[in-house]
Amino acid sequence: MVFSIKSLFMDHPASVGESYMQHMHSAATFSFWLLIAAIACGVHAIFPFACVKTGSKIIIRLNLQMTVNRDQSLKKKIDLADKSVRP
């Protein structure tokens, strides 16, 4: 199978309703917060009294954010499909 360079960079962001730059920003932001969560978990491993809920709160927030974004993207696709089916 042959892939174009453009499709390698554009297909996935488009599938979630984002441009390349929007997707890069979202992924970089998620990466940053995952790093913060990992550091908090490492601190908690050494000092059990510190950062007791920090990592899990970050993960919950990121999961909610991703779910909402995915649902909005899905809603846009359904709305577009509905418009294309209407006479």
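## Partly exposed residues

A residue counts as partly exposed when its relative accessible area falls between the buried limit, under 20%, and the exposed limit, over 50%. F32 has a relative accessible area of 44%, so F32 is partly exposed. That term returns for several residues below. The model described here is predicted.

## Overall build

The protein chain holds three helices and zero strands. Read from the N terminus, its elements run α-α-α. Helix α1 covers residues 5-15 and helix α2 covers residues 20-46. Helix α3 covers 54-85, and a loop lies between α2 and α3.

The chain has 87 residues, and 13% of them count as buried. Its exposed surface comes to about 7,100 Å². Carbon and sulfur atoms supply 71% of that area. Now take the contacts between residues at least 6 apart in sequence: 36% of them join residues at least 24 apart.

## Aromatic pairs

How many aromatic pairs does a search of the whole structure find? The search finds three. One of them is formed by F9 and Y20. Their ring centres are 5.9 Å apart and their planes stand at 70°. An angle over 60 degrees counts as edge-to-face, so this pair is edge-to-face. F9 belongs to helix α1 and Y20 to helix α2. The pair therefore ties together parts that are eleven residues apart in sequence. Both rings belong to partly exposed residues: F9 has a relative accessible area of 44%, and Y20 has 33%.

F32 and W33 give another pair. Here the ring centres are 5.1 Å apart, with the planes at 80°. This pair is edge-to-face too, because its angle is over 60 degrees. F32, as said at the start, is partly exposed at 44%. W33 is partly exposed as well, at 29% relative accessibility.

## A charge over W33

W33 has a further partner. Which residue places its charged end over the ring of W33? R61 does. The charged end of R61 sits 4.6 Å from the ring centre. W33 thus takes part in the edge-to-face pair with F32 and also lies under the charged end of R61.

## The nonpolar patch

Some nonpolar residues join into a surface patch of about 820 Å². Its members are F3, I5, L8, F9, M10, Y20, M21 and M24. Which elements give two or more residues to this patch? They are α1 and α2. Helix α1 gives the most, with four residues.

The patch includes F9 and Y20, the residues of the edge-to-face pair described above. M24 is another member. M24 is found in helix α2. At 41% relative accessibility, M24 counts as partly exposed.

## The loop between α2 and α3

C51 is found in the loop between α2 and α3. Its phi is near 50°. That is a positive value in a residue other than glycine. C51 is partly exposed, with a relative accessible area of 30%.

V52 and K53 lie in this loop too. Are these two buried or exposed? V52 is exposed, because its relative accessible area of 53% is over 50%. K53 counts as exposed at 54%.

## From the loop back to α2

H44 has its place in helix α2. At 29% relative accessibility, H44 counts as partly exposed. What does H44 touch, leaving aside residues up to four places away in sequence? H44 touches A50, C51 and V52. Two of these, C51 and V52, have been placed in the loop above.

Some C-alpha distances fill in the picture. H44 and G55 are eleven residues apart along the chain, and their C-alpha atoms are separated by 9.1 Å. V52 and A40 are twelve residues apart, with a separation of 8.5 Å between their C-alpha atoms. For K53 and A37, 16 residues apart, the C-alpha separation is 9.8 Å.

Technical notes: Residues are numbered from 1 along each chain as its sequence is written. This is a predicted model: local features need pLDDT of at least 70, side-chain atom pairs count only at pLDDT 80 or more; totals for chains, interfaces and linings use all residues. Side-chain values use heavy atoms; hydrogens and water are left out. Buried means under 20% relative accessible area, exposed over 50%, partly exposed in between (1.4 Å probe, protein chains only). Contact means heavy atoms within 4.5 Å. Accessible areas come from the Shrake-Rupley method with a 1.4 Å probe; for residues, only the protein chains shown count as cover. Rings of Phe, Tyr and Trp (its six-membered ring) pair if their centres lie within 6.5 Å; planes under 30 degrees apart count as stacked, over 60 as edge-to-face and the rest as tilted. A charge sits over a ring if NZ of Lys or CZ of Arg is within 6 Å of the ring centre and within 35 degrees of the ring normal. Patches are made of residues with over 30% relative accessible area and no salt bridge: like charges are joined within 9 Å, nonpolar side chains (Val, Leu, Ile, Met, Phe, Trp, Tyr) within 5 Å. A salt bridge is a side-chain nitrogen of Lys or Arg within 4 Å of a carboxyl oxygen of Asp or Glu.
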